[in-house]
Amino acid sequence: MDRIKNHPVLGESPVGKLVSFTYDGKTLQGYEGEPIAAALRVNGVMIHRYTAKRHEPRGVFCAIGRCTDCVMVVDGQPNVRTCITPLREGMKVQTQDGVKPLDAE
């Protein structure tokens, strides 16, 4: 998949160094400073969370931080808007189920 090169709100994507992060326990790579959602998209991840009541999948919708469809658990913090949160080395990103990680009990 292609990377987002010019975001309507965030501007041009940074050409940062390649960094590693985990997504649901799998090690992936992306460019430092790009939105987490962009790095996930390039790695084929389209579902970011499941709704609490109906367990329906959600992913990037607005891509400008206005809706909550892209929220995920990042470094243990739920409800992080991945479309506007910059990627850093070693981040732990998890699919969100309601307000907790998908694999949490």
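Leaving aside neighbours within four places in sequence, Tyr-23 is in contact with Leu-28, Leu-40, Val-45, Ile-47, Met-72, Val-93 and Thr-95. The model discussed here is predicted, and Tyr-23 serves as the entry point to its core and its sheet.

**Core**

Tyr-23 belongs to the largest nonpolar core, a group of 14 residues. Along with Phe-21, Ile-36, Leu-40, Leu-87, Met-91 and Val-93, Tyr-23 is one of the members that touch the most other members. Strand S3 (18–23), helix H1 (36–42) and strand S7 (71–74) each supply at least two residues of this core.

The two faces of S3 differ in cover. Val-19, Phe-21 and Tyr-23 make up the covered face, while Leu-18, Ser-20 and Thr-22 make up the uncovered one.

**Chain and sheet**

The secondary structure of the protein chain consists of 1 helix and 11 strands. Along the sequence, these elements follow the pattern β-β-β-β-α-β-β-β-β-β-β-β. Of the 105 residues in the chain, 38% count as buried. The chain exposes about 6,200 Å², of which carbon and sulfur atoms supply 51%. Among contacts between residues at least 6 apart in sequence, 43% join residues at least 24 apart.

An open sheet is formed by 5 strands in the order S4-S3-S9-S7-S8, with mixed pairing. Strand S4 (26–31) and strand S8 (77–81) are the edge strands, and each pairs on one side only. On average, neighbouring strands of this sheet are turned by 40° against each other, direction ignored.

Strands of a sheet pair through backbone hydrogen bonds, either parallel or antiparallel. Both senses occur at S3. With S4, the strand runs antiparallel, and 6 bridges join the two. With strand S9 (residues 92–94), S3 pairs in the parallel sense over 2 bridges. At the residue level, Tyr-23 stands opposite Lys-26 in S4 and has Val-93 as its bridge partner in S9. Val-93 is also listed above among the contacts of Tyr-23. For Thr-22, the bridge partner in S9 is Lys-92.

**Positive phi values**

Most residues other than glycine have a negative phi, and most peptide bonds are trans. The table lists two residues with a positive value.

| Residue | Phi | Location | Relative accessibility |
|---|---|---|---|
| Asp-24 | near 50° | loop between S3 and S4 | 34%, partly exposed |
| Asn-79 | near 65° | strand S8 | 42%, partly exposed |

Asp-24 takes its positive phi in the hairpin of S3 and S4, which has 2 residues between the strands. Asn-79, by contrast, is found in a strand, S8, and that strand is an edge strand of the sheet.

**Thr-82**

Thr-82 lies in the loop between S8 and S9. Is this residue buried or exposed? Thr-82 counts as buried because its relative accessibility is 0%, and the cut-off for burial is under 20%. Its side chain reaches the backbone oxygen of Cys-70 at 2.8 Å.

Not counting residues up to four places away in sequence, Thr-82 touches Pro-35, Ile-36, Ala-37, His-48, Cys-70, Met-72 and Val-74. Cys-70 therefore appears both as the polar partner of the Thr-82 side chain and as one of the residues that Thr-82 touches. Ile-36 is among the core members that touch the most others. Met-72 is in contact with Tyr-23 as well as with Thr-82.

Note on methods
Residues are numbered from 1 along each chain as its sequence is written. This is a predicted model: local features need pLDDT of at least 70, side-chain atom pairs count only at pLDDT 80 or more; totals for chains, interfaces and linings use all residues. Side-chain values use heavy atoms; hydrogens and water are left out. A nonpolar core is a set of buried Ala, Val, Leu, Ile, Met, Phe, Trp, Tyr and Cys residues joined through side-chain atoms within 4.5 Å. Buried means under 20% relative accessible area, exposed over 50%, partly exposed in between (1.4 Å probe, protein chains only). Helices (H or I, at least four residues) and strands (E, at least two) are DSSP runs, numbered from the N terminus. Contact means heavy atoms within 4.5 Å. Accessible areas come from the Shrake-Rupley method with a 1.4 Å probe; for residues, only the protein chains shown count as cover. Two strands pair if DSSP finds at least two bridges between them. Axes are lines fitted to C-alpha atoms, for helices over the stretch in contact, and angles run from 0 to 180 degrees between N-to-C directions. A polar contact is a pair of N or O atoms within 3.5 Å; within protein, one must be able to donate a hydrogen and the other to accept it, and residues adjacent in sequence count only if both atoms are side-chain atoms.
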